[in-house]
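Okay, thanks for making time, everyone. I'll put the structure up now and then walk you through a few spots in it.

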Amino acid sequence: MPTLTQSPAWQALEAHQRTMAGTAIAQLFAADPQRCGNFSLRLGELLLDYSKNLVTAETVRLLVALARERDVESQTQRMFNGETINTSENRAVLHTALRGARPVTVDGADVMPQIRATLGRMREFSDAVRTGGITGHGGRQFTDIINIGIGGSHLGPALATHALAPYASPRLRVHFVSNVDGAALHRTLACLDAAATLVIVVSKTFTTQETLLNARSVRAWLTESLGSDAVIGAHLAAVTANTQLARDFGLTESRIFPFWDWVGGRYSLWSAVGLPLALAVGADNFEQLLSGARTMDEHFRAAPLERNMPVILALLGVWYNDFFGAASHAILPYDESLALLPAYLQQLDMESSGKRVTRDGEPVDYDTGAVIWGAAGTDAQHSFFQLLHQGTRLIPADFIAACQPHHALGRHHEVLMANFFAQTAALMNGAPAAGSAHNAFPGNRPTNSILVEKLTPHALGLLLALYEHKVFVQNTIWGVNAFDQPGVELGKRLANRILPELAGGDPVSAYDASTNGLINFYKTHR
């Protein structure tokens, strides 16, 4: 296979980009009255309208040819079949099995029985906590749950719990602590009653520095509040692949939920990492989330590339990233329930795509991941939309909304949706100068519009799996491994080296001049 930039499909796209560079998206609508229908896809309750993009049928044909040339279909089947596609870590990639129904064999064994067994244990535990069958020491029913994790052990369950709050038990409040900054934990504990608090420690290795420090501090809080270290086991649960370290921490076997090495952290919401969500919304709603993701999985696996939602979304990203030099991509949920979605997708996309060498270790000569950022509308309109409309940079954006709200507050939702529709239209059409060049809007800013009928657990599953597979397709095209994150480790190693040196009073001199100066200033003024 030729290198990516020398491949026939890539060369054809470069030539095509030169013909498209002066095209206005609004002109494409004028030329094709059926453009919205021709450039949109529907799956169940989810609609993807990508008609407001700088693409024609020929663009899509050439992008799909690139996907075929880069073996996207075959790589997709390899992932679903449980083959070792995470080559740097020599692992299968089976987040899809967590919400699947078909047998999947890894190292000669079907993993589905252990997945189903864990789901059964999650249901039993969450049901018992929600009904008061499982209580804290002294028989107090739990009113609060603290989830302690970081990265994928935090972002996924935090997003989903926030997004599905209308389905949550009014009797249980779920708190998420991830940052090693003690202010976050202190603020959380200050308003809680230890006797009615359940703590979930989520760490694949049970060695993550931030998670374990927070967990030890919470364990000390429980011991001090409850008067005995012997009773805190009633208030602890863990999600981990290292069951021995969890037991050493004080957990009983019945409170340890497994997390397998073939599940990456940023793809782990569907596993026992989703336990706080199951506690909040109940096992039935958690399984509806899995069902929605499974529906997207089956679509991704079977739909032709030309009508495949994740593939189209991925190819549009490649089109702008590599052929128009768009360095960032905005995520704009017009739904306060999805306020955490930009942060969740930052990790999913940037930790997966932030690579400078291929799976074979060869340096790339093209751009890989974009900077993912965003915020909820309409707040975002009053902060950074000025740059989207009149700035000098091309910034493609995804607008996401639900047709039906979970509230009945007057015309709020109509006003919200009016802004949703207006912003994508304004970004595309722009406006001529009205009396001053300052009032000119160039338009021709590409957007995707994603609508769900209502933000249900099933719809959220569809949406999150859509983005998971989008990232996978892009990384397949770029030839990089979407499932490792070696760049995360360098700073951690250096922090572990610096940490002991902060304890003493002597100045340090072992690092570069800036780092030495910063450490010494801190030691002098702490």
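**A walk through the model**

Let's start with one residue: Gly369 is partly exposed, its relative accessible area being 33%. Keep in mind as we go that this is a predicted model.

So where does Gly369 sit? You'll find Gly369 in the loop that runs between helix 15, residues 341-353, and strand 11, residues 371-374. And what does Gly369 touch, once we leave aside its neighbours within four places in sequence? It is in contact with Asn321, Ser353 and Trp478. One more distance while we're here: Gly369 and Glu351 are 18 residues apart in sequence, and C-alpha to C-alpha they are 8.9 Å apart in space.

Next stop, His95. This one is in helix 6, which covers residues 95-98. Is His95 buried or exposed? His95 has a relative accessibility of 3%, and anything under 20% counts as buried, so His95 is buried. Not counting residues up to four places away in sequence, His95 touches Met79, Trp262, Tyr267, Trp270, Glu468 and Phe483.

Now, for those of you who think about cysteines. A disulfide is a covalent bond between the sulfur atoms of two cysteines. How many disulfides does the structure hold? The count here is 0. Take Cys36, which is in no disulfide: the nearest cysteine sulfur belongs to Cys403, and that is 13 Å away. The cut-off for a disulfide is 2.5 Å between sulfurs, so at 13 Å this pair doesn't qualify. Cys36 is also partly exposed, at 40% relative accessible area.

Okay, zooming out to the chain as a whole. There are 20 helices and 13 strands in the protein chain. Its radius of gyration is 25 Å, close to the 24 Å that the globule rule gives for 526 residues, so the chain is as compact as a globular protein of that length. In terms of extent, the C-alpha trace spans about 75 × 60 × 60 Å along its principal axes.

What share of the 526 residues is buried? That comes to 53%. If you look at contacts between residues at least 6 apart in sequence, 73% of them join residues at least 24 apart.

Last bit, the surface and the charges. The chain exposes about 22,100 Å², with carbon and sulfur atoms supplying 53% of that area. On the charge side, there are 41 positive and 47 negative side chains, and the centres of those two sets lie 2 Å apart.

That's my tour, so over to you.

Conventions:
Residues are numbered from 1 along each chain as its sequence is written. This is a predicted model: local features need pLDDT of at least 70, side-chain atom pairs count only at pLDDT 80 or more; totals for chains, interfaces and linings use all residues. Side-chain values use heavy atoms; hydrogens and water are left out. Helices (H or I, at least four residues) and strands (E, at least two) are DSSP runs, numbered from the N terminus. The radius of gyration is taken over C-alpha atoms; the globule rule is 2.2 Å times the number of residues to the power 0.38. Buried means under 20% relative accessible area, exposed over 50%, partly exposed in between (1.4 Å probe, protein chains only). Contact means heavy atoms within 4.5 Å. Accessible areas come from the Shrake-Rupley method with a 1.4 Å probe; for residues, only the protein chains shown count as cover. Lys and Arg count as positive and Asp and Glu as negative; His and the chain ends are not counted. The place of a charge is taken as NZ of Lys, CZ of Arg, CG of Asp or CD of Glu.
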